Amino acid sequence: MALIHKNDIVEMEITGMTAQGAGVGHWEGFAVFTPLTAPGDKARIRIVKTAKTYAFGRLEELLSPSPDRIEPDCPCFAQCGGCCYRHISYASELKIKEARVRDALERIGGFQGLPIRPILGADSRDGYRNKALLPLGTDRNGELTMGFYAVNSHRIVDCPYCRLQPEIFNQAMEAFREWAKAYGDPIYDESSHSGRMRRLYLRQGEITGQVMACVVVNGNGLHHEAELVEAFKKAVPNLSSVVINSNRERTNVALGQKCRTIYGKDYIEDTLCGLRFQLSPLSFYQVNRTQAERLYGLASHYAGLTGSELLLDLYCGTGTIGLSMADKAQRLLGVEIIPEAVENARQNAEKNGIHNAEFFCGDAGKAAQMLADRGELPDVIILDPPRKGCSAQLIHTVAEFHPKRVVYVSCDPATLARDLKLFAELGYPPVEASPVDMFPATSHVETVCLLSKT
C-alpha cells in the first residue's frame, strides 16, 4: 500500500457517503472522507489528516461534478454544521439515506432480503424546524454572533437566515440582534464562565402558529426585559410567550431547569395526530411535526391494534407516540426516565381526555421488569430509544414478555441493526422496515421497524 501524507493532493472518484454526510473515495487502498463532495464527483482532494488505513480530505478542485449536484441555496452551508446535503438534489439525498438503512440492516444485522419500504420523504427541505436553540457569541470586533456550531467544534457560524427554520424565526432573530445592540447584557463566554446571555431559544406551534421566544441566561434575568418584549412583539405577529431560562451551570447542556415568563403564557400549544399538546421551554416535542405524524402513522400501522390490547410504550418521553394510539388500545402504559417528561405525559393525557393511559418514571429496563413482576403482560410494545439504542438486558426483558409484536422506532440505523440481530436471536425477527426522513438536508434518518414473534 502506498503511503499518503498530510497536504498530499490526490485525484479520485467519490463512490459513497458516510453516516455524517461526507463523501467517500479510495486512493491506493486508503478510504478518504471528504465533506462537501457527492457520489459521482471526480475531484482533486487535499489530505488534511491521516490514519493507518484511512484519511480525511478537503475538496481542492472539482474535476467532473456528480449529476446529483445542485447549487447550494444557503451562503452558510460550507461552514455551518446544520446541513450536509444542500449541494445535492433532494431525490439523491433520499436515495443515500435509504441506502444507509439498507446497508446497516444487511451488513450489521445480517438481514438479507428484509422488505424495506421506499423512504418517506418530506414535502419540503425548508422551514420544517419548529424549534431553534441558537448559541450566542462574539466575533473579533466584539459584535454579537448567533447561529449554529461549525462541524465538530464550538465555533459559532453567524447565520442571519436559516432555511431549515420558518421565516418567523428569522424575524425574531433579527429583532433580538437589534435589541442586543441597543440594550443587551454581556454575551456569555464558556471558557471563563462569565457574561450573561447564552442562547436564544425559539419554538412555534406549526398548526396554531403560536410562537415562544426564550433567552437562556447565566443568571436570573436581563436588564431591559420590557424592551426585549416590545422588540419581539413588533417582529412576531403570533407571539404568545417570552421566557427567561436560567442556566448558571458550567456545562454544555443548553437549558437550565428554572424558567420565568415575562410575557404571555408559560407555554404554547400545537396539535399532533389530532391531539393537543402544551409546549413549555423544557417539553420534548418532535422538531418536524408533519413528518412526525407520518412516522407515528407507520408505527400505528405496524402495531396493528384492534382495541383489546395492552400497549407498552418504552422511552415514552412526553407520551406523544403512545397517546396517538391510545384510542386503538384497551390500555396504554408508558415508561420514561425523566420525571418532568412523565408529568408532561400525564398532563397531555388529561388534557386530551385520554383515561386509559398510565405513565411510570424509571429506567426502561427496570420499569419493564417491574411490570413483569406485577403480571402486566403487554400485547404490543413500542420502543423509541435514544441514539445509543437498547441495552441487551432490556431486549431480553421485552422478549420475555412474549408480546405479539414489537414496533421499534430508531434514529440510528447502526444501533437499530445491532439490536434487531439480538431480537431475532430471541425469537423476534424483523418483518419490515420503513425509513422516514424527519430532518431533510441533514445526515439524520429515522426508521420504523416491525418485529413479530416467530
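A residue counts as buried when its relative accessible area is under 20%, as exposed when it is over 50%, and as partly exposed in between. The exercises below apply this scale, among others, to a predicted model.

**Exercise 1. Work out whether Phe33 and Tyr54 are buried, partly exposed or exposed, and describe how their rings are arranged.**

Step 1. Tyr54 has a relative accessibility of 34%, and because partly exposed covers the range between the two limits, Tyr54 counts as partly exposed. Phe33, with a relative accessible area of 22%, is partly exposed.

Step 2. A search of the whole structure finds 5 aromatic pairs. In the pair made by Phe33 and Tyr54, the ring centres are 6.0 Å apart and the planes meet at 50°, so the pair is tilted.

Step 3. Phe33 belongs to strand 3 (residues 30-34) and Tyr54 to strand 5, so the pair ties together parts that lie 21 residues apart in sequence.

Step 4. Phe33 and Tyr54 also form one aromatic cluster together with Phe56.

**Exercise 2. Describe the aromatic pair of Phe176 and Trp179, and decide whether its two members are buried or exposed.**

Step 1. The centres of the two rings, Phe176 and Trp179, are 5.6 Å apart, with 35° between the planes, and this aromatic pair is tilted.

Step 2. Both Phe176 and Trp179 lie in helix 2, where they are 3 residues apart, about one turn of the helix.

Step 3. Phe176 has a relative accessible area of 0% and is buried, while Trp179, at 2% relative accessibility, counts as buried.

**Exercise 3. For the salt bridges Arg86 with Asp73, Arg177 with Asp158, and Glu293 with Arg289, find the closest N and O distance, the place of each partner in the chain, and its exposure.**

Step 1. As background, side chains of opposite charge can pair when their charged atoms come close. The structure holds 27 salt bridges.

Step 2. In the salt bridge between Arg86 and Asp73, the closest N and O atoms are 3.0 Å apart. Both residues are in the loop between strand 5 (54-64) and helix 1 (90-107), and the pair, 13 residues apart, links distant parts of the chain. Arg86 is buried, with a relative accessible area of 2%, whereas Asp73, with 36%, is partly exposed.

Step 3. Arg177 and Asp158 form a salt bridge whose closest N and O atoms are 3.0 Å apart. Because Arg177 lies in helix 2 (residues 167-183) and Asp158 in strand 8 (residues 156-158), this pair ties together parts that are 19 residues apart in sequence. Arg177 counts as buried at 14% relative accessibility, and Asp158 counts as partly exposed at 31%.

Step 4. Glu293 forms a salt bridge with Arg289, and here the closest N and O atoms are 2.9 Å apart. Glu293 and Arg289 are 4 residues apart in helix 4 (residues 289-303), which means that they are separated by about one helical turn. Glu293 counts as partly exposed at 27% relative accessibility, while Arg289 counts as buried at 7%.

Step 5. Returning to the pair from Step 2, Asp73 and Arg86 are linked with Asp126 and Arg163 in a network of salt bridges.

**Exercise 4. Describe the second largest pocket by its volume, the residues closest to its centre, and the make-up of its lining.**

Step 1. The volume of the second largest pocket is about 370 Å³. Its lining is made by 20 residues, of which Leu136, Ile156, Tyr188, Asp189 and Glu190 are the closest to the centre.

Step 2. At least two lining residues come from each of strand 6 (131-138), strand 7 (144-149) and strand 9 (197-204), and strand 6 gives the most, with 4 residues.

Step 3. Sorted by class, the lining of this pocket has 8 nonpolar, 7 polar and 5 charged residues.

Step 4. Tyr188 has a further contact, in that the charged end of Arg198 sits over its ring, 4.0 Å from the ring centre.

**Exercise 5. Find how many cavities of 30 Å³ or more the structure has, and state what lines the largest cavity.**

Step 1. The search of the whole structure finds 1 cavity of 30 Å³ or more, and the largest cavity holds about 40 Å³ of space.

Step 2. The residues that line the largest cavity include Phe277, Gln278, Leu279, Tyr285 and Asn348. Strand 14 (275-279) and helix 6 (339-351) each supply at least two lining residues, and strand 14 gives the most, with 3 residues.

Step 3. By class, the lining of the largest cavity has 4 nonpolar and 6 polar residues, and no charged ones.

Key: Residues numbered from 1 in each chain as written. Predicted model: local features only at pLDDT ≥ 70, side-chain atom pairs only at ≥ 80, totals over all residues. Heavy atoms only, no water. Salt bridge = Lys/Arg side-chain N within 4 Å of Asp/Glu carboxyl O. Buried < 20%, exposed > 50% of the residue type's maximum accessible area, 1.4 Å probe, protein only. 1 Å grid on protein atoms, 1.4 Å probe; cavity = no way out; pocket = protein on both sides within 12 Å on 5 of 7 lines; lining within 4 Å. Points joined across faces, edges and corners; volume = space filled by probe spheres on them. Nonpolar A, V, L, I, M, F, W, Y, C, P; charged D, E, K, R; others polar. Phe/Tyr/Trp six-rings, centres within 6.5 Å; stacked < 30°, edge-to-face > 60°. Lys NZ or Arg CZ within 6 Å of the ring centre and 35° of its normal.
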